[in-house]
Amino acid sequence: MSATQSTIISKTSVRTLDAIVVGAGFAGLYMLHSLRKLGLNARIYEAASGPGGTWFWNRYPGARCDIPSLQYSYQFSDDLQQEWEWAERYASQPEILKYVEHVIERFKLRPDIQFNTRVQAAHLDEAAGRWQIQTSTGETVSAKFCIMATGCLSSTNVPDFKGLDSFRGKFYHTGQWPHEGVDFTGQRVAVIGTGSSAVQSIPLIAAQAAQLTVFQRTANFSVPAHNAPLDPAEQKRVKANYDELRTAGKNQLLAWDIDPNAKLAADATPAEIRAECERRWRMGGLYFYGVFADLLINPESNRVLAEFIRDKIHEQVKDPAVAELLSPKTVLGCKRICADTDYFQTYNRENVLLVDISKSGIDEITPQGLRVGGRDYAFDAIVFATGFDAMTGSINRVDVRGRHGQKLKDKWAAGPRTYLGLSSAGFPNFFIISGPGSPSVLTCMITSIEQHVEFITECIDYLRKHRLAHIEATVEAENRWVEHVNEVAGSTLFNSCSSWYLGANVPGKPRIFMPYVGFPPYVAKCNEIVAKGYEGFALTA
Ligand code: N01
């Protein structure tokens, strides 16, 4: 560490920990619980005033999970999964926060979570072999292990629109929604973006506002979620045999049970394709990913399956021109499929207008509203449903410096480089939960988080038992992994459109397909690496 760096870190009142965990979302909470079970002195630092991570911030109207609640939940404790009763098939954001609070109380985690404290810097002190952490509250923490549980979708992306500050009305980002809620009654509202957050919030904003105008750059595929109160009998049935459902999920690409169809659309007749698509449409939402096994591999199969959803959009939207604008021209599934409640029907309302900005973009924000393609629109409020600086944004926001003072952000300037998405060469005893290069956002996040937390916990335990001080990915293993992640993505249709998986939504962000495609092979690889004594990592005494 250079003299300049060390002056950044104040030396007064240093708290000494075995491990620091950054973030109190699902990842941070389970990490804390696991480290405590190892007998480690660990503490979470969280920027928000409460727990829940992305679910703390995303309070926009209609925010709910698009993975069934019986699967989008922790599975590390059978008592926990048995005792918690989900109210709806898809949990709403408030219900998820209640669940998070329950977990905190149940495992008595609260004393070791420090809210309203942003971790600003984490510098490796090479001589001491420890991480020196600086917080927004002026504290300095020294920890042997630094674990980033900062989330994949927590750094909001508000495009740098010209004139943003001149707007006289109010603007909101779906990912930073006011806790007191927003009343749009009688207002003229603009929504920019048509991703998952927009698809969920647009029907509710339209029902409240006087006028809603949606600015769409890229149309998205969406399948009705068919959300409903969860049938107690179904919940009981699942809980009687929870392991079966969890095991089925872990053996699938997305790490949750989507009831995958093993058949290929390429081998099916048009009637078989139609029947399976209709069945998936009734199952709802992301179950559509399981429609045929070649959905994300064979372009022609994908085209046929996409055509089914386009037809459904035309059935739901009365004005054929609007329906056509809402019909995606992209590959089905290369952007995350959305799960909606009355999204397309909303465009049949008299008070809803769709504006295509695919060619013009947004010229600028004016004091009265927006200028698009030279035309002015007046609004009382603008909602940015413009997504996130995904996967790397929240890590890069922290000034992380490893060996020789190297900044992680600099190392990742041309795209994130990790080994297994868990670790980066030059940053010993530094772990990332669901980092770039791991299945993370393509899967049920909680399942992926649990696998990472268990890997890290086992690894720390291994170091202790073998009297080892440090673990660090080797450059060679990392290079091979980065290449492998790209290779696997390249064998699918996942990277065939401008998605946030590629960083394409943030101007200037390097275009690298960040998540690893395939949960089961990923887990098998991690297990193999552990069995070989942490192959690809350098372990030092
Ligand atoms: O963000 P997005 P999101 N000018 O990036 C548009 C998870 N999630 O918050 O596609 C104009 O998907 C952008 O257009 P384009 C889920 O994993 C889950 O909706 O880049 N428009 C796009 O339409 C999801 O995938 C749940 O051309 C601009 C939109 O803004 C992820 O979070 C709910 C623009 C952003 O869509 C992100 O979803 C919500 C610009 N300059 C979210 N910049 C559930 O569990 C961006 N856009 C249900």
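Here is a walk through one disulfide, two unpaired cysteines, a helix and a glutamine in this structure. The model is predicted, so local features need pLDDT of at least 70 and side-chain atom pairs count only at pLDDT 80 or more, while totals for chains, interfaces and linings use all residues. Residues are numbered from 1 along each chain as its sequence is written, and side-chain values use heavy atoms, with hydrogens and water left out.

Let's start with the cysteines. A disulfide is a covalent bond between the sulfur atoms of two cysteines; here the working test is a pair of cysteine sulfur atoms within 2.5 Å. The structure holds 1 disulfide, and the partners are Cys334 and Cys497, with sulfur atoms 2.0 Å apart. The torsion about their S-S bond is about 130 degrees, so this disulfide is right-handed. Cys334 sits in the loop between α11 (320-326) and β11 (338-340), and Cys497 in the loop between α16 (475-490) and α17 (519-531), so the pair ties together parts that are 163 residues apart in sequence. (Helices are DSSP runs of H or I with at least four residues, strands are runs of E with at least two, and both are numbered from the N terminus.) Both Cys334 and Cys497 are buried, which means under 20% relative accessible area; exposed means over 50%, and partly exposed is in between, using a 1.4 Å probe and protein chains only.

What about Cys338? Cys338 is in no disulfide, and the nearest cysteine sulfur, that of Cys497, is 12 Å away. At 1% relative accessibility, Cys338 counts as buried. Cys526 is in no disulfide either: the nearest cysteine sulfur belongs to Cys459, 11 Å away. Cys526 is buried too, with a relative accessible area of 0%.

Now over to helix α2, residues 26-37. Its 12 residues should span 16 Å at 1.5 Å a residue, and its end C-alpha atoms are 17 Å apart, which agrees; the expected span is 1.5 Å times one less than the number of residues. In α2, 10 of the 12 residues are buried, so the helix is largely enclosed by the rest of the structure. Among those buried are Phe26, Tyr30, Met31 and His33. After α2 comes Gly39, with a positive phi near 90 degrees.

Finally, take a look at Gln316, which lies in helix α10 (residues 299-316). Gln316 is buried, with a relative accessible area of 15%. Setting aside neighbours within four places in sequence, Gln316 is in contact (heavy atoms within 4.5 Å) with Trp281, Phe344, Gln345 and Asn348.
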